[in-house]
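Reader: I'd like a close look at a single part of this model. Could you walk me through one helix and what surrounds it?

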Amino acid sequence: KTLRNDNSSRFGKFVRLQCSGAGAITGCTLDTYLLEKSRVSAPGEGERNFHIFYQLLAGDGGRSGARLSDDLLPAGRDPRNYAFLAASSALTIPGVDDAAACAETCEALVEVGLSQADVSLVLELLAAI
């Protein structure tokens with residue numbers, strides 16, 4: 001969330017999917033650009049850090065079965081307990097359900113071919129940040 005856009009991530013992605021003649025995805029390339037690294041450590045006042053951090057604290061992987069173990073969250077699931085997230089007062093966005101968004105994100109990762117174990121590893125990596 002930025003002051004101008006509730007869904008601004010301040011980075012761009014270009015995804016090129018390769019498909020077989022039958023329409024099955026056989027591969028992809030992803031180019032990421034303009035990643036604003038400072039937003040992780042110092043979001044502006046009124047702005048929110050990257051959505052995924054709030055999502056992983058709020059929910060689980062839904063039907064994907066992935067879930068971040070509470071053992072990996074020593075400060076609990078309240079974003080105010082994490083300096084990078086508490087740096088701004090914008091911990092929530094009106095009308096946005098972070099728990100549902102977490103489930104949707106994890107389910108999408110399974111849909112593109114990641115296993116439940118791999119999705120859980122992605123959540124663990126994000127928790128480490």
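Reader: To set the scene, what pattern does the protein chain follow, read along the sequence? Then take me to helix H4.

Author: Read along the sequence, the pattern is β-β-α-α-α-α-α, with helices (H or I, at least four residues) and strands (E, at least two) taken as DSSP runs numbered from the N terminus. A caution first: this is a predicted model, where local features need pLDDT of at least 70 and side-chain atom pairs count only at pLDDT 80 or more, while totals for chains, interfaces and linings use all residues. Residues are numbered from 1 along each chain as its sequence is written, and side-chain values use heavy atoms, with hydrogens and water left out.

Now to H4, residues 98–111. At 1.5 Å a residue (times one less than the number of residues), its 14 residues should span 20 Å, and the end C-alpha atoms are indeed 20 Å apart. At its start, a side-chain oxygen of Asp 97 comes within 3.0 Å of the backbone nitrogen of Ala 99. Just after the helix, Gly 113 has a positive phi of about 115°.

On the buried side (under 20% relative accessible area, 1.4 Å probe, protein chains only) sit Asp 98, Ala 101, Cys 102, Ala 103, Cys 106 and Glu 107. These pack against helix H2 (51–58) and helix H5 (116–128).

That brings us to the largest nonpolar core (buried Ala, Val, Leu, Ile, Met, Phe, Trp, Tyr and Cys joined through side-chain atoms within 4.5 Å), which has 15 residues, Phe 53 and Leu 56 having the most contacts inside it. H2, H4 and H5 each supply at least two of its residues, and H2 gives the most, with four.

How values were computed. Buried means under 20% relative accessible area, exposed over 50%, partly exposed in between (1.4 Å probe, protein chains only). Contact means heavy atoms within 4.5 Å. A polar contact is a pair of N or O atoms within 3.5 Å; within protein, one must be able to donate a hydrogen and the other to accept it, and residues adjacent in sequence count only if both atoms are side-chain atoms.
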